[in-house]
Amino acid sequence: MLVNGKTSNSETTKAESAKETSLRALMIAGLGGDGAAYGVLLSELSVHLRGYYRGKLVRAGREAEETEDLVQEALIAVHTRRHTYDPTRLLTPWVYAIARYKLIDYLRRHRSTLKSVPIEDAAEIIASDDSHAMNSHFDLNKVLAKLPDKIRLAVQYVKIEGLSVVEAAARCGISESAVKMNVHRGIKQLRAMVSREKAR
């Protein structure tokens, strides 16, 4: 249904849900040994990732032509980490967590800092409804370095690298509940840093 010449939010949501269902089914089939389904999945993901990266690179002051390098890196990461995907969970958040991490890693390798990257593009580690804050620019490494080690690692593993809480707990050598608490505290502290930066 079109509203004022635009597709309604409900139709957009339904389309996104249908796409998620389709991609997830392909992933599960691929994990089960269906090579054809897995090939279709990678092809479908490349289309989504290409659009995602093109916009992010332009906003970060990079060339859109660099998109293909990132798409290939992300697809390789999806392939090598596919055993970590939980079939009972949504696929697209898992894929985009990997995609965001690859974007950060790529920009880190191609510039000295992430100073020109909007904080929400650098892994969406800060959730904010303030549009000005969402457009703020930070050196992600510098911001994370201000956090206590245990909290910083929890945020890095879960929010940046896209690891599950179970995986992060194993790496940190602490309980899953402790990881969740550290991530919560880290996000809270990062939000405070954003607020202070915005007030300057």
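From the N terminus on, the elements of the protein follow the order β-β-α-α-α-α-α-α-α-α-α, a secondary structure that comes to nine helices and two strands. The model is a predicted one. Buried residues account for 38% of the 200 residues in the protein, and the points below concern the overall fold, helix α2 and the nonpolar cores.

**Overall fold**
- Among contacts between residues at least 6 apart in sequence, 58% join residues that are at least 24 apart.
- The protein exposes about 11200 Å², of which carbon and sulfur atoms supply 53%.

**Helix α2**
- Helix α2, which covers residues 35–59 and has 25 residues, reaches 36 Å from its first C-alpha to its last, close to the 36 Å expected at 1.5 Å a residue.
- At the N-terminal end of α2, D34 acts as the cap, with a side-chain oxygen 3.2 Å from the backbone nitrogen of A36, while the helix is followed by G61, whose phi is positive, near 80°.
- The buried residues of α2 include L41, L45, L49, Y53 and L57, and also the polar or charged S46 and K56.
- An α-helix has 3.6 residues a turn, so residues three or four places apart point the same way.

**Nonpolar cores**
- The largest nonpolar core has 27 residues, of which L41, L45, L49, Y53, L91 and W94 touch the most other members.
- Two or more residues of this core come from each of α1 (9–31), α2, α3 (67–80) and α4 (91–110).
- A second, separate core of nine residues includes A154, V158, A168 and V183.
- Leaving aside neighbours within four places in sequence, W94 is in contact with M27, V78, R81, R82, T84 and Y85.

Terms used: Residues numbered from 1 in each chain as written. Predicted model: local features only at pLDDT ≥ 70, side-chain atom pairs only at ≥ 80, totals over all residues. Heavy atoms only, no water. Helix = DSSP H or I, 4+ residues; strand = E, 2+ residues; numbered from the N terminus. Expected span 1.5 Å × (residues − 1). Buried < 20%, exposed > 50% of the residue type's maximum accessible area, 1.4 Å probe, protein only. Polar contact = N/O pair within 3.5 Å; in protein donor to acceptor, adjacent residues only side chain to side chain. Contact = heavy atoms within 4.5 Å. Areas by Shrake-Rupley, 256 points an atom, 1.4 Å probe, with all protein chains shown as cover. Core = buried A, V, L, I, M, F, W, Y, C linked by side-chain atoms within 4.5 Å.
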